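Here are some exercises to work through with the model open beside you. Try each task before reading its solution.

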Amino acid sequence: MIVETTYHVLPGRTEEFLDNVHELKLSRRRLGALRWSVSRSANEPDIYVEHCTFRDWSEYLAQETERLTVPENRVRTKLAEYLVLAPQTRVLVEPKLF
């Protein structure tokens, strides 16, 4: 299962965002993400997309609820300071193929 989160960064705040997104990577991995990456949009330079891979839905929910500690939440709050909009999240699941 992949969780895709889109971040719209304030103009001129990219460097600070990227410094803090590294902390987000460490947080996601500590809380159970199997893989993590972030990419910048090729045609919209202030848009970044994060991809986290989780074993299943319950692992993702645990990260967002019971495992989310105060320090982990601070990482997300700090990151939000550099955004135009709240992060937009989509959950992508693999279809069962025959």
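Buried means under 20% relative accessible area, exposed means over 50%, and partly exposed covers what lies in between. Keep in mind that this is a predicted model.

**Exercise 1. Classify Trp57 by its accessibility, then find the surface patch that includes this residue.**

Step 1. Start with the location: Trp57 belongs to helix α2.

Step 2. Its relative accessibility is 44%, so Trp57 counts as partly exposed.

Step 3. Now look at the surface. Trp57, Leu61, Val91 and Val93 make a nonpolar patch of about 360 Å².

**Exercise 2. Work out which residues of α2 are buried and where they sit around the axis.**

Step 1. In helix α2 (residues 57-64), the buried residues are Glu59, Tyr60, Ala62 and Gln63.

Step 2. These residues cover an arc of only 160 degrees around the axis, so they are on the same side of α2.

Step 3. What lies over them? The cover of these buried residues includes β1 (2-8), α1 (14-30), α3 (70-80) and β4 (88-92).

**Exercise 3. Do the same for α3, and find the exposed residues on the face turned away from its buried side.**

Step 1. The buried residues of α3 are Glu72, Val75, Arg76 and Leu79.

Step 2. Seen down the axis, they fall within an arc of 90 degrees, so they line one face of α3.

Step 3. A general point helps here: an α-helix has 3.6 residues a turn, so residues three or four places apart point the same way.

Step 4. The buried residues of α3 pack against β1, α1 and α2.

Step 5. On the face turned away from the buried side, α3 carries the exposed residues Val70 and Arg74.

**Exercise 4. Trace the pairing of strand β3 with β1 and β2.**

Step 1. Take β2 (residues 35-40) and β3 (residues 47-53): they pair in the antiparallel sense over six bridges. The two strands form a hairpin, with six residues between them.

Step 2. Check individual positions. Glu50 in β3 is the bridge partner of Val38, and Ser37 stands opposite His51 in β3.

Step 3. Turn to β1, which pairs with β3 in the antiparallel sense over seven bridges. Here His8 stands opposite Ile47 in β3.

Step 4. How much of β3 is covered? Six of its seven residues are buried, which leaves β3 mostly covered.

**Exercise 5. Follow the salt bridges of Arg28 and Glu59, and classify the residues involved.**

Step 1. The whole structure has 10 salt bridges. In general, side chains of opposite charge can pair when their charged atoms come close.

Step 2. Arg28 forms a salt bridge with Glu64, with the closest N and O atoms 3.4 Å apart. Arg28 lies in helix α1 and Glu64 in helix α2, so this pair ties together parts that are 36 residues apart in sequence.

Step 3. Arg28 is buried, at a relative accessible area of 8%, while Glu64 is partly exposed at 26%.

Step 4. Widen the view: Arg28, Glu50, Glu64 and Arg76 are linked in a network of salt bridges.

Step 5. Now take Glu59, which is buried with a relative accessible area of 15%. Glu59 forms a salt bridge with Arg55, the closest N and O atoms being 3.0 Å apart. Glu59 also forms a salt bridge with Arg67, again with the closest N and O atoms 3.0 Å apart.

Step 6. Classify these arginines: Arg55 is exposed at 54%, and Arg67 is partly exposed at 28%.

Definitions and conventions. Residues numbered from 1 in each chain as written. Predicted model: local features only at pLDDT ≥ 70, side-chain atom pairs only at ≥ 80, totals over all residues. Heavy atoms only, no water. Buried < 20%, exposed > 50% of the residue type's maximum accessible area, 1.4 Å probe, protein only. Helix = DSSP H or I, 4+ residues; strand = E, 2+ residues; numbered from the N terminus. Arc of directions from axis to C-beta. Contact = heavy atoms within 4.5 Å. Patch = residues over 30% accessible without salt bridge, like charges linked within 9 Å, V, L, I, M, F, W, Y side chains within 5 Å. Areas by Shrake-Rupley, 256 points an atom, 1.4 Å probe, with all protein chains shown as cover. Salt bridge = Lys/Arg side-chain N within 4 Å of Asp/Glu carboxyl O. Pairing = 2+ DSSP bridges.
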